[in-house]
Amino acid sequence: TSMGIEGMSRARKQDIIYRARQDSSHHLSRFLVTTLTLLSSAIQIISLVVILIVVEPLTVLVLFPLAIPHFLFQWFTSMKYYQTAYNLATKRRWSQYFSSLLTGRDSVAEVKLLGLAPVIIEKFRSIITDVRDQNRSRYLYRFSGSSVSVVITTIAVYGLFAHVVYKVLKAGLTIGDVAVFAAAALRLRGSLELAVVSSASVFEQTLYIANLREFLSISPHALN
């Protein structure tokens, strides 16, 4: 039992090291870039909201509530992405190990001599297939949710545009107001989408950076 617990502890430490080595600098740089993108989008949203309040205040009341479910969906999906990657660390380590056995200079001769290649290839294929299936599932999930959000918000924008045109026919607005509304409303929808995706990305990169912090929080002798 003690050997089993020790083995589990050693595997967990190896997973922590593997996660910490997964391009932490990339996640940090992406965190900074997406944060700047989020701030830029927020500034654009504020300026566009001011314009639309003057032309048609209903636009803000319609688009912002629609953005909230999309925001929650993107954050939930980012958490799901991270958890999937976190849980796949062990399998990814094993896939790299099997790959090194087949291609490594120090092991390729032994593998060929003992006829282990078919067994190793089958284990590698099994792991990669499982990783592919899990990745495909989460990609389809995000694609489906994002597509639904885009369709709904696009319909809402064109519905609001029809409402503005109706007000023009009623002499409540001018043709210039319609032009301003069309440009600002579409731009606001795009800015909201970018802000939601950027905020979810910032959250996701923060989770990945936490892997490095988890590694640094362990004392050196605990990794031996």
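**Exercise 1. Which residues have the most contacts inside the largest nonpolar core, and which helices supply that core?**

Solution. Start with the core itself. The largest nonpolar core has 21 residues. A nonpolar core is a set of buried Ala, Val, Leu, Ile, Met, Phe, Trp, Tyr and Cys residues joined through side-chain atoms within 4.5 Å. Ile45, Leu52, Leu63, Phe181, Leu188 and Leu192 have the most contacts inside it.

Next, the helices. At least two residues of this core come from each of H2 (24-55), H3 (58-87), H6 (117-169) and H7 (175-216). Helices (H or I, at least four residues) and strands (E, at least two) are DSSP runs, numbered from the N terminus. H7 gives the largest share, seven residues.

Then look for another core. One of seven residues lies apart from it, with Val111, Ile120, Ile127 and Val131 among its members.

A note on the source: this is a predicted model, where local features need pLDDT of at least 70, side-chain atom pairs count only at pLDDT 80 or more, and totals for chains, interfaces and linings use all residues. Residues are numbered from 1 along each chain as its sequence is written, and side-chain values use heavy atoms, with hydrogens and water left out.

**Exercise 2. List what Leu63 touches, not counting residues up to four places away in sequence.**

Solution. Apply the contact criterion: heavy atoms within 4.5 Å. Leu63 then touches Thr153, Ala156 and Val157. It also touches Ala185, Leu188 and Leu192.

**Exercise 3. Is Ser191 buried or exposed, and what does its side chain contact?**

Solution. First, place the residue: Ser191 sits in helix H7. Its relative accessibility is 4%, so Ser191 counts as buried. The cut-offs are under 20% relative accessible area for buried, over 50% for exposed, and partly exposed in between (1.4 Å probe, protein chains only).

Now the polar contact. The side chains of Ser191 and Gln44 make one at 3.1 Å. The term means a pair of N or O atoms within 3.5 Å; within protein, one must be able to donate a hydrogen and the other to accept it, and residues adjacent in sequence count only if both atoms are side-chain atoms.

Beyond four places in sequence, Ser191 is in contact with Ser41, Gln44, Ile45 and Leu48. Turn to Ser41, in helix H2. Ser41 is buried because its relative accessibility is 2%. Leaving out residues up to four places away, Ser41 touches Ser191, Leu194 and Ala195.

**Exercise 4. Check the span of helix H4 against its number of residues.**

Solution. H4 covers residues 89-103, 15 residues in total. The expected span is 1.5 Å times one less than the number of residues. That should give 21 Å, and the end C-alpha atoms are 21 Å apart, which agrees. Within H4, Ala89, Arg93, Ser95, Phe98 and Leu101 are buried.

**Exercise 5. Why is the protein chain described as more spread out than a compact globule?**

Solution. Count the elements: seven helices and zero strands. Compare two radii next. The radius of gyration is 26 Å, well over the 17 Å that the globule rule gives for 224 residues, so the chain is more spread out than a compact globule. The radius is taken over C-alpha atoms, and the rule is 2.2 Å times the number of residues to the power 0.38.

Finally, the box. The C-alpha atoms fill roughly 85 × 40 × 35 Å along the principal axes. Buried residues make up 33% of the 224 residues.
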